[in-house]
Amino acid sequence: MGETSEDTVAKQEEPKDQETAEAAVDSTAAGDEPMLVEPDLDFIRAATKHGGESLKKCFQCGTCSAVCAISPDNATFPRKEMALAVWGMKDRLVSDPDIWLCHQCGDCSARCPRGSKPGDIMAVARNFSFQHYAFPGLMGKMLAGAKFLPILFGIPVVLILALLAVSGHLGIPKGPIVFEKFFPHFLLDPLFILASLWALTALGVGLTRFWKDVKNDGALEENGAKPGLIPSIIAAVREIALHQKFRECDTPNPRSVSHLLVFYGFVGLFITTTLVFFGLYLPKVASLVGMHFPELTPLPMKLYHPVKILANVSAILFASGLVLMIYQRSTDPEKAGATNYYDCLFLGVMAGLALTGILSELLRLAGAAVLAYPMYFIHLVLVFFLIAYFPYSKFAHVVYRTVAVACSKYRGRT
Ligand code: SF4
Ligand code: SF4
């Protein structure tokens, strides 16, 4: 390019007509074919606001792509993503599977001679990506900023209070603390099943659109063997579950430990919730058809019950991973990468879940009914938030990343 990125962005910021602003030709980002660039100025503004303050500094030297240990040999990243971001080519960026291969180790940001933060820009692009594919789109927008939080939290508060009121359970139950008395499972479970079905449907629609776009991304060259769809998915799941790519960086990334703790803590809690659900309903279903099925997870469970032990160990892993994550982000932001709104929301909801879950249990054991039940209520609101808004929050990262990594392998991108 004959001009610097600052010149380019300055031009983009003062177009005569923002809708039809026509920029120049960018052969770096798009391959050899010249193409007309129509910058999405909203994207540039939003990218700058959401942690991409360093966007304008890039002058396309390519150092970042050279130092990235996990960038493929051809159509390397993150230089091409920096070019796309500078030009405001949001539509190209959100369907670029390479943004999901990056795990924000910060090697590229540390070596950039211009002080740009390509690792952070990749993170911003990922947030735009799952917001772009969100279904319905309005929900994606609502989860993108704090102004809709009162509505998002208000929905489960109203729903749960309405169910309690209609079923005559509004009030602190007398006697020993049993959460089942406060919010019976026959009320609780349909609500969360509906929330789960909603989330699965929304995620399915979003991922289908995403897969279609990343599979057809024409900018990527492939030169490796194509292993087929199922092996690609298995390899992607294994790579992400073991955090293999974290270990390939030049700079050892301490975030891998906190990520693993949160990841496996979350998986453990998901398994225990599923076991309790089936433990509760299988005997009931069996009795309906004249069969007997033992009650394997009687509520409230004893502390030494295997499922309870798994739940408590998972909660400890989860909570310690979160504390470590927050500590790393606050004490070493350079290495942890820029913290944007999605990160804050993720950490806030996860910390709230862990805290209210542990406090509910401790208050129950202490016999403090007047505190234990309201704490449990807040915990339920957060569980609903986690499930129903999963496709629109940072929780969705793990699914989008798995699909993008699987797609890269499927396409033979090595
Ligand atoms: S190293 Fe910095 S200046 Fe060079 S291409 Fe990457 S982001 Fe741009
Ligand atoms: S943050 Fe790390 S993984 Fe991501 S592009 Fe930079 S060097 Fe590569």
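**Exercise 1. The nonpolar patch**

Determine which helices each supply at least two residues of the nonpolar patch in this predicted model, and which helix gives the most.

*Solution.* Begin with the helices: H14 (255-288) and H15 (306-331) each supply at least two residues of the nonpolar patch. Next, consider the membership, for the patch is made by Leu242, Tyr264, Val267, Phe270, Ile271, Leu275, Tyr304, Ile309, Leu310, Val313 and Leu317, and its area on the surface is about 970 Å². With five residues, H14 gives the most to this patch. Finally, place Tyr304, a patch member, which is found in the loop between H14 and H15.

**Exercise 2. The surroundings of ligand 1**

Describe the shell around ligand 1 by its closest residues, its helices and its residue classes, and state how the space that the ligand takes ranks among the cavities.

*Solution.* First, take the residues: ligand 1 is surrounded by 14 of them, and the closest are Cys58, Cys61, Gly62, Cys64 and Cys112. Second, turn to the secondary structure, where helix H4 (63-67) and helix H5 (79-86) each contribute at least two residues to the shell. Third, sort the shell by class, which gives eight nonpolar, four polar and two charged residues. Fourth, rank the space: the one taken by ligand 1 is the second largest cavity.

**Exercise 3. The surroundings of ligand 2**

List the residues around ligand 2, classify them, and rank the space that this ligand takes.

*Solution.* The residues around ligand 2 include four cysteines, namely Cys68, Cys102, Cys105 and Cys108, and they are joined by Ile70, Phe77, Pro78, His103, Gln104, Gly106, Asp107 and Gly119. Sorting this shell by class yields seven nonpolar, four polar and one charged residues. As for the ranking, the space taken by ligand 2 is the largest cavity.

**Exercise 4. Backbone geometry in the loops**

Identify where cis peptide bonds precede Pro78 and Pro136, and find the loop that holds Gln60, a residue with positive phi.

*Solution.* Start with Phe77 and Pro78, both of which are among the residues around ligand 2: the peptide bond that leads from Phe77 to Pro78 is cis, with omega near 10°, and Pro78 lies in the loop between H4 and H5. Continue with Phe135 and Pro136, which are joined by a cis peptide bond whose omega is about -10°; here Pro136 belongs to the loop between helix H8 (118-132) and helix H9 (137-142). Lastly, examine Gln60, which is not a glycine and yet has a positive phi of about 65°, and which is located in the loop between helix H3 (41-49) and H4.

Methods. Residues are numbered from 1 along each chain as its sequence is written. Chains are lettered from A and ligands numbered from 1 in the order in which they are written. This is a predicted model: local features need pLDDT of at least 70, side-chain atom pairs count only at pLDDT 80 or more; totals for chains, interfaces and linings use all residues. Side-chain values use heavy atoms; hydrogens and water are left out. A residue is near a molecule or strand if one of its heavy atoms lies within 4 Å of it. On a 1 Å grid over the protein atoms alone, a cavity is a set of points where a 1.4 Å probe fits but cannot get out, and a pocket is an open set with protein on both sides within 12 Å along at least five of seven lines; lining residues have an atom within 4 Å of a point. A molecule sits in a cavity or pocket if more than half of its atoms lie within 2 Å of its grid points. Helices (H or I, at least four residues) and strands (E, at least two) are DSSP runs, numbered from the N terminus. Ala, Val, Leu, Ile, Met, Phe, Trp, Tyr, Cys and Pro count as nonpolar, Asp, Glu, Lys and Arg as charged, and the others, Gly among them, as polar. Patches are made of residues with over 30% relative accessible area and no salt bridge: like charges are joined within 9 Å, nonpolar side chains (Val, Leu, Ile, Met, Phe, Trp, Tyr) within 5 Å. Accessible areas come from the Shrake-Rupley method with a 1.4 Å probe; for residues, only the protein chains shown count as cover. A salt bridge is a side-chain nitrogen of Lys or Arg within 4 Å of a carboxyl oxygen of Asp or Glu.
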